[in-house]
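Hi everyone, thanks for coming. Let's bring the structure up on the screen and walk through it together.

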Amino acid sequence: MTAQAQLRKGATYQLQRGYRLMMVPALLAVAIFAIVPLAGMFALSFSDYHLIRGTNWEFGFHNFAKMLADKRLMNSIYVMAALSVLGVAAQVLIGSAVAVGLQKITGRWRVGRILFLLPYAVPHVAVALIWLSLFTPTLSPINAFFDVFGITVPAMLTSQWGAIFAIVVADTWTNFPFAMLIIMAALQGISPDLEEAAAIDGASRIRTFIHITLPLLAPALLMVTLFRFIDSLKHFPMIFVMTKGGPGRSTQATNFYAYVQTFQSSNVAYGAAIAVMLFLMAALISFYVAKLNQRVTS
Amino acid sequence: MIDNSRQFHNRRRFGLAMMITLLVFAALPTVWVLVLSFRAPVAIFEPIWESPTALTLQNFYKITRSDFPAALLNSFITAGLSTTFAMLVGVPAGFALAKARLSGKFIASWVLLLLRMAPPVGFVIPLFLLYANSGLIDTYLGLVFAYMTLTLPLVTWSMWNSFAQVPDELIEAAIMDDASLAKAFFLIALPAARPGAVAAAILAFLVAWNDFFYALIITRSGTTTAPVAVMNFISYDSVDWASIAVASIALTLPILPLMALANRYIVQSLSGAVKG
């Protein structure tokens, strides 16, 4: 090895060490702010800790065994699935429709985009309160408007599917712009030549859309769906503000149920076990997203 | 040909009708909140077309007399501090992750994503017990710590993406010229990634600003943030809708300019994964 090469190797070593040093604060911070609470969550999930009774230091799988037989947990999973599937589908559909529609709008009307983006800026608590007011029959301008024509709009928040519908509407209102933004960016990346060429070849608009546009949009659609789906597992402010999980338990999604068990019924250990289940779901989905991300970036 | 053009017009009309419907859906709640915030309390349950002149500024005045402004200040302090800390720690880490020769980068990206996506209920249960036993409940410090679980993964992940777009040659050339790594970072990489850094800070601030869950559980009256304080306008037997409308506007207005700056970046931060 020449002296120069040796020198360069030394420099590279130093450089890599420099990089590692830059990561140390973040590693420490992640250890303190994330790993410690997560370890706590796992430890609690195997314990018998109760907010009032404390603990008898009995550790085991009893919380997880209890989960298997818990009808309220099963119900919460159904609710979560309904909220996620309906919400994400509505957001992706409306987001795509608006993105495609806005693409056709040119000139000064383009400013109108802001009207579609605005809901995304409203904090979730405010979103929930605004829609709570719109779903309150004595107050809502929607009810007042239809009353003029003698039509009585039913109270949404008093029936199971009505309440689920109400939460999905609020969630969709604030999150469809996210889907819209991503799909708009993806549409801009598609060369109009491709669609033109297909049209010249005699393909109908629908066929062009299915065979040319849609496959090119697929990665964006997949990403939006995954990101929105993960977020929808975390539903909290809307349920808390609009329905408190009711009527009955009909909008008690799993995340909310974990909160109820922990902070209302004081079953901390059981709440932690439910949180572990949710965490493992998030781990699976994020693994898939990280894989997707790695494939496109490398 | 004639048939074709009629078809074209029908499709246009359908498209326009759809866009207008969706516009009503998007804009109605916003317009409604504005109306509600100006409604005189006596007329609040009347349809607006029955008493269109029953408007007042009283609702805005009333809210300045409540606890809400203090809660807004708490929100600014905690969101600001947790963003600052996350930037101080996360920006260098993002740079190192983008440029270092490392094995285990995939694991790092997975962990960062997972921390960003994990349901907060899992973090909040142990934090609550920890805080209850160490006096951190209802303190700025406790809330800022909790927000770090939201802001730090976000900043690190975004900055990793931003620095990845700065050409390696730029950094290497600087190092070849005998610049230290710190110099290459501060004088070359950071200026090149500045738009990304601004956007990461904005996104982190928004996440903390919007939080409801952490604040609900680990704050009490002393450090309540605005999203939790709004709930005080709902009491057991009545709801102060006008104040809620004003508070919703107050919650949204400060972040509108931030959102306007960041919305392009929201796309970019994902487009690494969407480019396909």
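**Domains, a core and a contact between chains**

Let's begin inside chain B, where 7 residues of domain 1 are in contact with 7 residues of domain 2. On the domain 1 side of that contact, helix α1 (residues 2-38) of chain B gives the most, with 3 residues. That side divides into 4 nonpolar, 2 polar and 1 charged. The C-alpha centres of domain 1 and domain 2 of chain B lie 34 Å apart. Keep in mind that this is a predicted model.

Now, where does the largest nonpolar core lie with respect to the domains of chain B? This core has 171 residues, and helix α7 (residues 160-188) of chain A brings the largest share, 16 residues. Domain 1 (2-59) and domain 2 (66-274) of chain B both contribute residues to the core, so it lies between them. Among the residues with the most contacts inside the core are A:Trp131, A:Ala275 and B:Ala204.

Let's stay with A:Ala275 for a moment. Leaving aside neighbours within four places in sequence, A:Ala275 is in contact with A:Met41 and A:Ala258, and also with B:Pro119, B:Val121, B:Gly122 and B:Ile125.

That takes us to the contact between the chains, with 79 residues from chain A and 73 residues from chain B. Helix α12 (residues 268-297) of chain A supplies the largest share of the chain A side, 19 residues. In that side we find 63 nonpolar, 14 polar and 2 charged residues.

Finally, a word on confidence. Chain A averages a pLDDT of 85, and 96% of the residues score at least 70. Among the elements of chain A, helix α5 (residues 124-134) has the highest mean pLDDT (94) and helix α8 (residues 192-200) the lowest (76).

Notes. Residues are numbered from 1 along each chain as its sequence is written. Chains are lettered from A and ligands numbered from 1 in the order in which they are written. This is a predicted model: local features need pLDDT of at least 70, side-chain atom pairs count only at pLDDT 80 or more; totals for chains, interfaces and linings use all residues. Two residues are in contact if their C-beta atoms, placed from the backbone, lie within 7 Å. Helices (H or I, at least four residues) and strands (E, at least two) are DSSP runs, numbered from the N terminus. Ala, Val, Leu, Ile, Met, Phe, Trp, Tyr, Cys and Pro count as nonpolar, Asp, Glu, Lys and Arg as charged, and the others, Gly among them, as polar. A nonpolar core is a set of buried Ala, Val, Leu, Ile, Met, Phe, Trp, Tyr and Cys residues joined through C-beta atoms within 7 Å. A residue is buried if 20 or more other C-beta atoms lie within 10 Å of its own, exposed if 12 or fewer, and partly exposed in between; C-beta atoms are placed from the backbone. Domain bounds come from an automatic or database domain assignment. pLDDT is the predictor's confidence in each residue, from 0 to 100.
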